[in-house]
Amino acid sequence: MSNAQKVNDFLDKAKVFYLLTTDGDQPKGRPFGFHMLVDDVVYFGCGTFKNVFKQLTANPKVEVLALDGEQFLRYDGEAKVVKDDALLDKVREIMPDIMGLYDQNGWEMGLFCLDGGHAEIRGLFDVIEEFDV
């Protein structure tokens, strides 16, 4: 199993995870649920009109934090915005209702992945596994 698959599987089990950004010098976190694995790359998405997208483009250093029982995942890297119609078509398959709402309102889904990613799967007191993604 690839390292990207390990991250994706953990996020699948967690269901909801948190994307951490900064707004100037203020940390910001918010729950996310959407992610997808395509060609061994984990992609995330959010509306380009949202503050979170503005924050991750202004300072691309971000972290994903997910909890599954007594284990948690930290996955950090630099957000890289990806414009790819084929990927957006996959998002439409996964989330047709959300993408229909975006289309109806003229909103754009901004896709991104993490470059230079590093992940840790941790227990309460120790690192279970650590790897580059």
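**Cores, a hairpin and a surface patch**

Colleague: In this predicted model, which residues have the most contacts inside the largest nonpolar core?

Modeller: That core has 25 residues. Those with the most contacts inside it are Leu-11, Phe-44, Leu-73 and Phe-112.

Colleague: And which element gives the most to this core?

Modeller: Several elements give two or more residues: α1 (3–14), β1, β4, α2, β5, β6 and β7 (109–122). With five residues, the one that gives the most is α1.

Colleague: How many residues are in the second, separate core?

Modeller: Among its members are Phe-34, Tyr-43, Met-99 and Cys-113. The count for this second core is 14 residues.

Colleague: Back to the sheet, then. Which strand is joined to β5 by eight bridges?

Modeller: β5 (residues 61–68) also pairs with β1 (residues 17–23), antiparallel, but over four bridges; there, Leu-20 stands opposite Glu-63. The eight bridges go to another antiparallel partner, where Asp-68 is matched with Gln-71. That partner is β6 (residues 71–82).

Colleague: What is the phi of Gly-69 in the turn?

Modeller: β5 and β6 make a hairpin with two residues between them. Gly-69 sits in that turn, and its phi is positive, about 65°.

Colleague: Why can Phe-49 count towards a nonpolar surface patch?

Modeller: Phe-49 lies in the loop between β4 (41–47) and α2 (51–58), and joins Leu-101 and Trp-107 in a patch of about 260 Å². Patch residues need over 30% relative accessible area. Phe-49 passes that cut-off because it is partly exposed, with a relative accessible area of 35%.

Notes: Residues are numbered from 1 along each chain as its sequence is written. This is a predicted model: local features need pLDDT of at least 70, side-chain atom pairs count only at pLDDT 80 or more; totals for chains, interfaces and linings use all residues. Side-chain values use heavy atoms; hydrogens and water are left out. Two strands pair if DSSP finds at least two bridges between them. Patches are made of residues with over 30% relative accessible area and no salt bridge: like charges are joined within 9 Å, nonpolar side chains (Val, Leu, Ile, Met, Phe, Trp, Tyr) within 5 Å. Accessible areas come from the Shrake-Rupley method with a 1.4 Å probe; for residues, only the protein chains shown count as cover. A salt bridge is a side-chain nitrogen of Lys or Arg within 4 Å of a carboxyl oxygen of Asp or Glu. Buried means under 20% relative accessible area, exposed over 50%, partly exposed in between (1.4 Å probe, protein chains only). A nonpolar core is a set of buried Ala, Val, Leu, Ile, Met, Phe, Trp, Tyr and Cys residues joined through side-chain atoms within 4.5 Å.
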